Amino acid sequence: MGRKAVALIVSSWIVPISILVNHIVPEPYMDEIFHVPQAQKYCKANFTSWDPMITTPPGLYFVSLAHVASLFPGIHLVNNASSFSDACSVSVLRFTNGVLAVFCSILIYDIITHLRPALTDRKATFHALVLTLYPLHWFFTFLYYTDVASLTAVLAAYLCCLKKNCWISALLGAVAVLMRQTNIIWILFIVCSEVIKLTLAQQKDDLLPEKSSMSEVKVASSTSRNGATSGSNLRKRRSGHVDTVNHSVAPTSVHAIPHSAGLCEEMQNMLSNIWQLKWELVFSFSPFFLILVAFLAFVYWNGSIVLGAKDAHKVSPHFAQLLYFSLVSALFMAPVHFTSGQFVALVQSLWKKKPFSFFQLVIALTISFLSVHFFSIAHPYLLADNRHYPFYLWRKVIASHWIMKYLLVPLYVYSWFCIFNTLVKTQKKIWVIAYFLASAATLIPAPLIEFRYYTIPFFFLVLHSDVDDTISWLLMGLLYVAINLFTMSMFLWRPFYWNHEPGLQRFIW
């Protein structure tokens, strides 16, 4: 078990399914009709021509160039490809995501073992495989979309930051932004997460002396919230090596706080420690600042966050999108959140904290009702394109009756409360707030309901949820397999025709 097992098992389903997809759907489909020709232009060294319908940067195309270059000798021998551009076929370009998905599965495993060092290799492998089966990630592994590359780059940047390699993390963060612009938010979240961990450093006894030695503080700073130092040492003994922490922050006086501290106390301590560590933090995270400056310069120069199709992707106050994300994410974790035990535990938690918890509940319900009433957007693409599953969810559920969108509000609120309740068990409260704000900043400006947008926040949610129950993970895996079988079967073997447009149409996320 371990990295090799994860890579081999993931490869065992990626290769045959990729062959099947390319056999049945050999031509570019949906957004591939924009991405594939653009990548093929790059293969011909034409870097000046750009399709105005493409909204994302060219990061995926550059990765594809490296991918095709690595395969070109073999393709030249087997298929007699006369030139590099001939090797940039649809199937080869699609397999870029297949290779990235294998790397992504390894990253998921490494992040799990870093955040939860007490997990056995067998459990860590199992959890990584289940997450790799997440339906939105799994499905687009077989098509030439930016989603897999985007997730892989963000997780790679996060893992490097967890290992204190901030400069490499920043470089990978720049790559992530080149895959998809909204990744700038998750790169900033990664920085925020690391700053929270450093400034609210916590030892095993939840307390650091006011005046501690430099070596003691380094140990406390490098200790993850999700595992005590002893657990980390246990894994290091298992793997036969000890990682060297090379982070530049080495404060002489950092005030740690107990896990049970309130949000205000956490913020007060964090701000105080940030001021003490200001120069160390500036030096450590300065490369991320350069990325932010470059991104803001791009937005100013471009006049928009998207490159093309600006009229169809205008920033809109789509607050209901955040509610859809909560329910979809909770449903993808249904064995954890939609159980009688979870419901009872949530009610008991609210009851213990009354009346403040009831006030929170009323505020959450009020804001959610206002969001679905005033800030629920039906994008023209959503209403017109019956190839996407959100089309049917909108038409058959949300818009089936005027009252339905209001009846769903309690489910949205319950989902967010479950998410918060799960995260706060293992994360600082201020970390949970930062996660919520990052999710909001990513999703609210998007006018179109696209479940693909939920992938990165979902992965951060699951990776930081302390779910140890093997039965829950098994049920999640079975749920993902069932959904994947259904969606891929519909895509491959249930095509249909449009009267107003020639060619086969297929169901897709």
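**Close-up 1. M30 sits in the loop between α1 (3–24) and α2 (32–43).** The model shown here and in every other view is predicted. M30 is not a glycine, yet its phi is positive, at about 55 degrees. Most residues other than glycine have a negative phi. Is M30 buried or exposed? M30 is buried, because its relative accessible area is 8% and the cut-off for buried is under 20%.

**Close-up 2. A45 is another residue with a positive phi.** Its phi is near 65 degrees, and A45 is a residue other than glycine. Look for A45 in the loop between α2 and α3 (59–79). A45 has a relative accessible area of 54%. That makes A45 exposed, because exposed means over 50%. M30, by contrast, is buried.

**Close-up 3. A cis peptide bond joins K354 and P355.** Omega for this bond is about 5 degrees. Most peptide bonds are trans. Where is P355 found? P355 belongs to the loop between α16 (340–352) and α17 (356–374).

**Close-up 4. The second largest pocket has a volume of about 1200 Å³.** Rolling a probe the size of a water molecule over the atoms shows where empty space is left. Here, 33 residues line the pocket. Which of them lie nearest its centre? They are Q360, W416, F417, F420 and I433. Several helices take part in the lining. α14 (320–332), α16, α17, α21 (409–423) and α22 (429–443) each supply at least two residues. α17 gives the most, with nine residues. What is the lining made of? Its residues divide into 22 nonpolar, eight polar and three charged.

**Close-up 5. Helix α9 covers residues 183–199.** The helix has 17 residues. How far should they span at 1.5 Å a residue? The expected span is 24 Å. The C-alpha atoms at the two ends of α9 are 24 Å apart, so the model agrees with the expectation. Now look at the surroundings of α9. Of its 17 residues, 15 are buried, so the helix is largely enclosed by the rest of the structure. An α-helix has 3.6 residues a turn, so residues three or four places apart point the same way.

**Close-up 6. R94 and E32 meet in a salt bridge.** Side chains of opposite charge can pair when their charged atoms come close. In this pair, the N to O distance is 2.8 Å. The partners come from distant parts of the chain: R94 is in helix α4 (residues 90–115), E32 is in helix α2, and 62 residues separate them. Both R94 and E32 are buried. How many salt bridges does the structure hold? It holds ten.

**Close-up 7. R116 forms a salt bridge with D468.** The closest N and O atoms are 1.9 Å apart. R116 lies in the loop between α4 and α5 (121–132), while D468 lies in the loop between α23 (455–463) and α24 (470–493). The pair therefore ties together parts that are 352 residues apart in sequence. The two partners differ in exposure. R116 counts as buried, at 10% relative accessibility. D468 counts as partly exposed, at 39%.

**Close-up 8. R180 and D147 pair through their side chains in a salt bridge.** The N to O distance is 3.1 Å. R180 is in the loop between α8 (166–179) and α9, and D147 is in helix α7 (residues 147–162). The salt bridge thus ties together parts that are 33 residues apart in sequence. R180 is buried, with a relative accessible area of 12%. D147 is buried too, at 8% relative accessibility. Which residues are joined into one network? D147, R180, E450 and R452 are joined by salt bridges that share partners.

**Close-up 9. A128 lies in helix α5.** A128 is buried, with a relative accessible area of 0%. What is A128 in contact with, leaving aside its neighbours within four places in sequence? Its contacts are V6, S105, I108, Y109 and I112. R3 is 125 residues from A128 along the chain. The C-alpha atoms of R3 and A128 are nevertheless separated by 9.6 Å.

Conventions:
Residues are numbered from 1 along each chain as its sequence is written. This is a predicted model: local features need pLDDT of at least 70, side-chain atom pairs count only at pLDDT 80 or more; totals for chains, interfaces and linings use all residues. Side-chain values use heavy atoms; hydrogens and water are left out. Helices (H or I, at least four residues) and strands (E, at least two) are DSSP runs, numbered from the N terminus. Buried means under 20% relative accessible area, exposed over 50%, partly exposed in between (1.4 Å probe, protein chains only). On a 1 Å grid over the protein atoms alone, a cavity is a set of points where a 1.4 Å probe fits but cannot get out, and a pocket is an open set with protein on both sides within 12 Å along at least five of seven lines; lining residues have an atom within 4 Å of a point. Grid points are joined across faces, edges and corners, and a volume is the space filled by probe spheres set on the points. Ala, Val, Leu, Ile, Met, Phe, Trp, Tyr, Cys and Pro count as nonpolar, Asp, Glu, Lys and Arg as charged, and the others, Gly among them, as polar. The expected span of a helix is 1.5 Å times one less than its number of residues. A salt bridge is a side-chain nitrogen of Lys or Arg within 4 Å of a carboxyl oxygen of Asp or Glu. Contact means heavy atoms within 4.5 Å.
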